[in-house]
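Could you walk me through this structure in my viewer, one selection at a time? I would like to know what to pick next and what is there.

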Amino acid sequence: MPAESRREFLRHASTLTLTIPGLGLVLAACAAPDDRARRAPGNGAGGQTPAVPNPDSRLDTSLPAAGAGTAAGPNAAAVVYARVDPALPALTPGRTQRIHFHSREAQIRIADDTVVGAWTFDGRMPGPVIHCRVGDTVEFTLTNDVAMPHSMDFHAAQIDPKTAFRSALKGQSVTFSFSPRYAGAFLYHCGTSPVLLHLGSGMFGAIIVSPREALPRATEFVLVQSEMYLGAPVNGVRPFDYSRMLSTLPDFVCFNGRPDQYGREPLRVRRGDRVRFWVVNAGPTHPCAFHVVGEQFDTVYLGAPPGSAIHGIQTWAVPAGGGMCFELVTDVVGEFVFVNHAFGHGQKGAIGRLVVT
Amino acid sequence: MPAESRREFLRHASTLTLTIPGLGLVLAACAAPDDRARRAPGNGAGGQTPAVPNPDSRLDTSLPAAGAGTAAGPNAAAVVYARVDPALPALTPGRTQRIHFHSREAQIRIADDTVVGAWTFDGRMPGPVIHCRVGDTVEFTLTNDVAMPHSMDFHAAQIDPKTAFRSALKGQSVTFSFSPRYAGAFLYHCGTSPVLLHLGSGMFGAIIVSPREALPRATEFVLVQSEMYLGAPVNGVRPFDYSRMLSTLPDFVCFNGRPDQYGREPLRVRRGDRVRFWVVNAGPTHPCAFHVVGEQFDTVYLGAPPGSAIHGIQTWAVPAGGGMCFELVTDVVGEFVFVNHAFGHGQKGAIGRLVVT
Amino acid sequence: MPAESRREFLRHASTLTLTIPGLGLVLAACAAPDDRARRAPGNGAGGQTPAVPNPDSRLDTSLPAAGAGTAAGPNAAAVVYARVDPALPALTPGRTQRIHFHSREAQIRIADDTVVGAWTFDGRMPGPVIHCRVGDTVEFTLTNDVAMPHSMDFHAAQIDPKTAFRSALKGQSVTFSFSPRYAGAFLYHCGTSPVLLHLGSGMFGAIIVSPREALPRATEFVLVQSEMYLGAPVNGVRPFDYSRMLSTLPDFVCFNGRPDQYGREPLRVRRGDRVRFWVVNAGPTHPCAFHVVGEQFDTVYLGAPPGSAIHGIQTWAVPAGGGMCFELVTDVVGEFVFVNHAFGHGQKGAIGRLVVT
């Protein structure tokens, strides 16, 4: 899609979304599972077109014949669970980073009994963590390997999005450079309309911008919270479901894309360490009320670190589409559970452990 | 309704609301459209009484025979779409403002295919923007033109609400004066119980209080986010639906009362301008995770401007019933989309464009 | 349950929760009332086992045969409504507080027509307010009087939760000590997994930590917001319902455990008083957008008071699992309604009155 027509595409798709009657969504949510799966616009796992066209025919025009989860991947049962390393990657020596992502579809095992068909950056959900400093140059290229148009929106960039964040069609690449002005934990995501669908189907990640002057020495982790709204499995793979994204009642809420993954395999630090959590909330919808059981944050940076620090915090909410930096000092040996304390959501997987030895 | 009985009315209506079983709401949401429309307490569009009385008979007593959308307005098809000017109105020369609003019902075209029957201040949704300074005097009168009791609650006023914010019956007027103590983006809304119904049916707007000492020169906009919960159309007009307000799953989420209006016709500024967004969140329920694609806010004022400024913000959440002031500098030419980044809601219309030339 | 196995228990229960398909929840919400009551895992009011086993048999293993509301209490009709005193208790003279709570089940009348079967600390919902100072020692013991394992998690403690916050089986006690490092309004709650169930069934309260140096003299109140998700009454008692907690659409949202209680019997202060609200949000899920009609907060402390003060605030959101301190000065005589201004929730009971004479 040429850059100059992206605005129209976005406006068009946005308008399409608006024409979905809320009532229909509620009714869809109340329908039988099979019926729901067929109605869901993003459910074309296995490369099938929806068995029943969306009643709003205009919506279908903005969606490909085959939606999320169509990757010709391995047999679902053969997809291996892999823990996402939460450690903040080290800074690279130079002041320029060249990053090249491919947008592609991937089957990802998020739990022993669940494989999802995701839209991704580089086959990963979340996408790879980028770490740079204020004033560094990030030279970024997105190559789109799939039929669905995709794009990249960096929250750390100050740049014309109409040009830089334009969608690439299959086989096309988009390249742009930016230099982050502010430190912080920033979201990146596919910005192709409807954003809810692209962001909600797995195309998100974190770019961590350290300040020019180093923050206090710490063990640093990156946690990206996301919600997952899934359809019924097709050939063992659960597709993401746009209607359910609009219902705002997720199946899973995760740190780094797998429910309870750091309950299974915890984060480990030493007593006396300062621990810094760069928390990005991909959403797409709900805040992350970040809390560590048995601890308080000695510092939460409301703005770009090291500015706007507040102290003595039990829980602070990171809005969807936002990011924040949390610090605590591990004076006590033990096992500390970190959660999204909005438990109606957090109980669905946004729970992990920090082990202090 | 005399002032001294407003408390009892409020308590009564509040209690009534509480007796609506949550289960009933869910079931109502799952019922067929026609059935839902008949059950909705605020659905008397066209001047009809509800075909099926609310099962909680006490609730009906707090609602008129004809609810929202009963205005004897033009034929729905003849209602013309009008963009809401988002520019902050200039300050008037004097230090006293005399404001006279009428509460009345109005049919408002919010999209090409949607006309809503709203309860309004002065026939507008949101109501007119009021702009004053800290220490100015606002002399306000509300005259109620309709059968439903209505009132005015200014979040910028320090005043006894039992007296000043009392409900007016049809033909009555209520007058009061106040002098804003703090700068900021403040909500005003009808405070008649149940507030959810009155606020949620269109009776809200913004009063912007500039500090005594001028903030940095900027191009200033006012964005009022609101959610819309609608029933099925009656004679082409969709009424607001109280049951759906309680379900918290809106049909539309808008800036200044029309989905995608600034996608259709953008905000325009010049490169190098400081842009100041006074963002008020009328709710009634969800936060507004305000974000500008391709930009960061160099300043968000958490308290009364110019105090409590934080810097380098990608997204900040304005709570329902709150307001906040956001600033950025347009160093780059381009087209910047502003959104509620809680996309499960924002995708329903809280999307606009800021064009920098 | 021995301390060393609590982690496994927590992980196990957490995983169980995750296996509940979101779709099932939605369908459950759409089922007929009787069916819903039978499916709800926490609905064993009256001491019955669920008539229909949960379709996820693994879930049942983490729940007792009889759930919330099984207390052999008085006849439901005989349960008397009692207002919860919102005044902050005075500090005790010594620097060590010995607190002994019993976890037990209780029938609590929350409204004229509603008795709930709650899991509680000391038979109260919320549990008793604890008030201490930074640096004081709190020596705490929990004795569990019931078959369900329970525990205590203080957000004001810096302590190894694996040991201190471990679950006690019936007849067991757990004792630990801590010394709060930060001032603030902190939540305490049962931390036994699934936390959503225990916290959501009534096991929460506030510990208020005053700073070493006294804050400005004020009349101080404690408000703990909580949501209630209830099943159909059994023998006149409504049990808490875990499926509905996961649906995130509450029946009631309350300050101090009873809808509208301070609408019925207001808070009373004198003109000129500084009023300090210590607001704790137990959740389990939604923020509390705290607002006082006709007033603005001259101070909200974002971090530990007296630090991080912001000024001139109409509404600020306390996240679920968080707490915050709000102050205003009552320059005006009148009757001021305080609310959760997220009205889709607040309208369900999080409304009270502050009378200034």
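## A tour of backbone geometry

Begin in chain A and select P194(A), which sits in the loop that runs between strand 7 (184-189) and helix 6 (195-200). Keep in mind as you go that this is a predicted model. Now add S193(A) to the selection and look at the bond between the two residues: the peptide bond from S193(A) to P194(A) is cis, and its omega is near -5°.

Stay in chain A and move on to P284(A). Its loop lies between strand 13 (274-283) and strand 14 (288-292) of chain A. Show G283(A) as well, and you will find a cis peptide bond joining G283(A) and P284(A), with omega about 20°.

A short word of background before the next stops: most peptide bonds are trans, and most residues other than glycine have a negative phi.

Next, switch to chain B and select S308(B). This residue belongs to the loop between strand 15 (299-301) and strand 16 (309-310) of chain B. Check the backbone torsion here: S308(B) is not a glycine, yet its phi is positive, about 55°. Is S308(B) buried or exposed? Its relative accessibility is 24%, so S308(B) counts as partly exposed.

Finish in chain C with D122(C), in the loop between strand 2 (114-121) and strand 3 (130-133). Here too the torsion to display is phi: for D122(C) the value is near 65°, which is positive in a residue other than glycine. If you colour by accessibility, D122(C) comes out at 27% relative accessibility and therefore counts as partly exposed.

Technical notes: Residues are numbered from 1 along each chain as its sequence is written. Chains are lettered from A and ligands numbered from 1 in the order in which they are written. This is a predicted model: local features need pLDDT of at least 70, side-chain atom pairs count only at pLDDT 80 or more; totals for chains, interfaces and linings use all residues. Side-chain values use heavy atoms; hydrogens and water are left out. Helices (H or I, at least four residues) and strands (E, at least two) are DSSP runs, numbered from the N terminus. Buried means under 20% relative accessible area, exposed over 50%, partly exposed in between (1.4 Å probe, protein chains only).
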